[in-house]
Amino acid sequence: MKNTIIAAIALAMPCLAGQSAPLAPAPVPREVARTCADSPWSMEIGANYNFAMRDLLKHSQGSCKAVDTMGGELTLLHRNAEHNSMYVRLGYAYGGESHGGSYGFRNDNIKLNTHTFALTTGYRYTRSLAERTSMYMGAGIGVVNQSIKTKFTADGFHRERDFSYKAHDAAWGFAVEAEVGLRYQLCPCWDVFLAYRFSANTAKNSLGRGDVELTDFNRNHRQFFHGITAGVGFKF
C-alpha cells in the first residue's frame, strides 16, 4: 500500500509542476471623488457703490445734482480654460438725492430717486499673483432698465400760485461695463474679492409735465459711473 501511494505521487508531480499558483483578483479601480474645487462653475455675491460722473436731469437753469447709487449683484461664471471665463450678471442699484435753489423759483426743492436693473454678459481674464491671490479683468454688455422718480415743489412768480410736480418714468437702454479686481482664496471652494468697475447706460427717461415754466424739465443725461464692488465667491 505504501509503495502504491508513493507511485501515485510520483506520477502526479509532472502535472502539478505545470500548474501556476492561483492569482488574486485584480482590485477594482476606485473613482476619484469630485470636489467643488474642480468645478468650472462658480457664483459671486457682491455689493457695490457707484459714483455718478454726470448730473441726472438737465433743464434751462442748469442741471440737477449727480445721484450716486448703491446696490447688489449676482454673477454666474463658467471657466472655459485656465485663465478665461464667461459670466452672466444680474444687478440692482438705488440712488436718492434732495436739494433746492437751482431752478430760478422761490423756495424750490426737488427730490430724486433712481432704481436701476441691469442684466449683462461678458468675458473675464484671471492671472495668479501668489499662492492664494489672483487678479482679474473683464468687460461686458447687456440691457438696463432705469426708473426715475421726481418730486418738485416751489413758490411761483406770484404769491398766489405754487408749483407741485411729481413724475415717474422707466426706460430701457444698453449697458456696458469694465472691471479690474483682486481675489483672495479662503479655501479651495471659497474666496473674497474687491474690484473697481466702470459702468454706463443709454436709458433716456421722459419726465416733462407740459407747463411753460417746466417744458424743458423732462430729460436726463446718460449716466456714467466709477464704482467699487466687493463680495464673496464660491464654486459648486
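The following exchange examines how several features of this predicted model are classified.

User: Why is the pair of Y92 and F117 called tilted?

Analyst: The ring centres of Y92 and F117 are 4.9 Å apart, and the cut-off for a pair is 6.5 Å. The planes of the two rings make an angle of 45°. Stacked rings need an angle under 30 degrees and edge-to-face rings one over 60, so the remaining class, tilted, applies. In total, the structure holds five aromatic pairs.

User: What makes Y92 and F117 a link between parts that are apart in sequence?

Analyst: Y92 belongs to strand 5 (residues 84-100) and F117 to strand 6 (residues 106-128), so the pair ties together parts 25 residues apart in sequence.

User: How do you know whether Y92 and F117 are buried, partly exposed or exposed?

Analyst: The relative accessible area is 30% for Y92 and 46% for F117. Buried requires under 20% and exposed over 50%, so values in between count as partly exposed. Y92 is therefore partly exposed, and F117 is likewise partly exposed.

User: Why are C36 and C189 said to form a disulfide?

Analyst: Their sulfur atoms lie 1.6 Å apart, and the criterion is a separation within 2.5 Å, so the pair qualifies. The structure holds one disulfide.

User: Why is the disulfide of C36 and C189 called right-handed?

Analyst: The torsion about its S-S bond is about 80°, so the disulfide is assigned as right-handed. C36 lies in the loop between helix 1 (2-17) and strand 1 (41-52), and C189 in the loop between strand 8 (162-187) and strand 9 (190-201), so this pair ties together parts 153 residues apart in sequence.

User: What keeps C187 from being counted in a disulfide?

Analyst: The nearest cysteine sulfur, that of C189, is 5.8 Å away from that of C187. The limit is 2.5 Å, so C187 is in no disulfide. With a relative accessible area of 29%, C187 is partly exposed.

User: How do you know that R89 and E177 meet in a salt bridge?

Analyst: The N to O distance between their side chains is 2.9 Å. The criterion is within 4 Å, so the pair counts as a salt bridge. R89 lies in strand 5 and E177 in strand 8, so the contact ties together parts 88 residues apart in sequence.

User: Which salt bridges does E179 form with R89 and R124?

Analyst: E179 meets R89 at 3.3 Å, N to O, and it meets R124 at 3.1 Å, N to O. E179, in strand 8, and R124, in strand 6, are 55 residues apart. Through shared partners, one network joins E44, E73, R89, R124, E177, E179, R183, D191 and R197.

User: Why do E179 and R89 count as buried?

Analyst: E179 has 5% relative accessibility and R89 has a relative accessible area of 3%. Buried means under 20%, so both E179 and R89 fall in that class.

User: What makes R89 a charge that sits over the ring of Y87?

Analyst: The charged end of R89 is 4.7 Å from the ring centre of Y87. The distance limit is 6 Å, and the charge must also be within 35 degrees of the ring normal.

User: Where is F236 found, and how is its exposure classed?

Analyst: F236 is found in the segment after strand 11 (223-235). Its relative accessible area of 47% makes F236 partly exposed. F236 also belongs to a nonpolar surface patch with about 920 Å² of accessible area together, whose residues include W41, L76 and W172.

Conventions. Residues are numbered from 1 along each chain as its sequence is written. This is a predicted model: local features need pLDDT of at least 70, side-chain atom pairs count only at pLDDT 80 or more; totals for chains, interfaces and linings use all residues. Side-chain values use heavy atoms; hydrogens and water are left out. Rings of Phe, Tyr and Trp (its six-membered ring) pair if their centres lie within 6.5 Å; planes under 30 degrees apart count as stacked, over 60 as edge-to-face and the rest as tilted. Helices (H or I, at least four residues) and strands (E, at least two) are DSSP runs, numbered from the N terminus. Buried means under 20% relative accessible area, exposed over 50%, partly exposed in between (1.4 Å probe, protein chains only). Patches are made of residues with over 30% relative accessible area and no salt bridge: like charges are joined within 9 Å, nonpolar side chains (Val, Leu, Ile, Met, Phe, Trp, Tyr) within 5 Å. Accessible areas come from the Shrake-Rupley method with a 1.4 Å probe; for residues, only the protein chains shown count as cover.
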